[in-house]
Amino acid sequence: MCILDVQTMLQWLYASRTYYVSTCTVATLMQSRDSEKVHHALTHADMVTADGMPLVWQQKRAGCDFAERVYGPDILHALCRETEHLNIKHFFYGGWGDVALKMQEALKAQYPALQIVGSFSPDIIDMNNEPQQATIDYINHLEPDIIWVGLGSPKQDVWMQCYQPHLNAKLLI
């Protein structure tokens with residue numbers, strides 16, 4: 001994980017608006033060619049990372065010698081490590097059943113001082129739905145700074161782009 005990317009995300013936590021980061025896979029990139037929603041979500045993200053070596057190889061072929069794989073869990077651990085002793089609150093959105101709860105427990109075991117304000121595992125998400133006011137109100141009430149979105153790609157990318165204007169968190173990943 002590029003130190004510069006982590007430092008940029010940490011700076012965004014103190015900005016006046018909400019940013020979102022897409023960890024882009026080859027499959028998501030290919031879907032963006034056929035889906036305007038996916039294309040829009042990727043082109044409007046504040047940062048898009050290459051989550052897969054084929055994307056890194058293609059970037060290097062195109063002359064981007066600094067290209068590297070930026071894997072979602074690496075971002076998670078880097079930001080948890082960096083924010084553990086700061087007044088930064090985390091929220092987890094997505095996953096099936098109790099996956100988000102288990103994630104919270106595992107992260108609290110590894111980063112005991114980490115502030116986790118909650119999680120929510122929604123029913124199946126349709127990328128054609130409009131933002132749900134109850135979801136917006138619930139998340140904003142908990143006042144997270146970082147929302148970790150785990151809906152699978154590209155659903156999570158579309159969800160972040162759709163909800164970004166409505167959430168008070170500073171960073172959606």
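In this predicted model, helix α3 (residues 36–43) packs against helix α8 (residues 155–163), with the two axes coming within 9 Å and crossing at roughly 65°. That angle makes α3 roughly perpendicular to α8, and the crossing is left-handed. On the α3 side, the residues that do the meeting are Lys-37, Val-38, His-40, Ala-41 and Leu-42, while α8 offers Asp-157, Val-158 and Gln-161. Sorted by class, this contact is a bit of a mix: 4 nonpolar, 2 polar and 2 charged residues.

Turning to the nonpolar cores, the largest one holds 25 residues, and the members touching the most others are Met-9, Leu-79, Leu-107, Trp-148, Leu-171 and Ile-173. As for where it draws its residues from, two or more come from each of α1 (3–12), β1 (19–24), α5 (72–83), α6 (99–110) and β5 (146–150). Helix α5 chips in the largest share, with 5 residues.

Ile-173 is worth a look by itself. Leaving aside anything up to four places away in sequence, Ile-173 touches Met-9, Val-21, Ile-75, Leu-79, Ile-146, Ile-147, Trp-148, Val-149 and Met-160. Three of these names, Met-9, Leu-79 and Trp-148, also turn up in the list of residues that touch the most other core members.

Apart from the largest core lies another one, made up of 20 residues, and among them are Ala-45, Phe-91, Trp-159 and Ala-169. As a general backdrop, nonpolar side chains in soluble globular proteins tend to be buried together.

Note on methods:
Residues numbered from 1 in each chain as written. Predicted model: local features only at pLDDT ≥ 70, side-chain atom pairs only at ≥ 80, totals over all residues. Heavy atoms only, no water. Axes fitted to C-alpha atoms, helices over the stretch in contact; angles between N-to-C directions. Helix = DSSP H or I, 4+ residues; strand = E, 2+ residues; numbered from the N terminus. Parallel < 35°, antiparallel > 145°, perpendicular 65-115°, else oblique. Left-handed = near helix turned anticlockwise from the far one by under 90°. Contact = heavy atoms within 4.5 Å. Nonpolar A, V, L, I, M, F, W, Y, C, P; charged D, E, K, R; others polar. Core = buried A, V, L, I, M, F, W, Y, C linked by side-chain atoms within 4.5 Å. Buried < 20%, exposed > 50% of the residue type's maximum accessible area, 1.4 Å probe, protein only.
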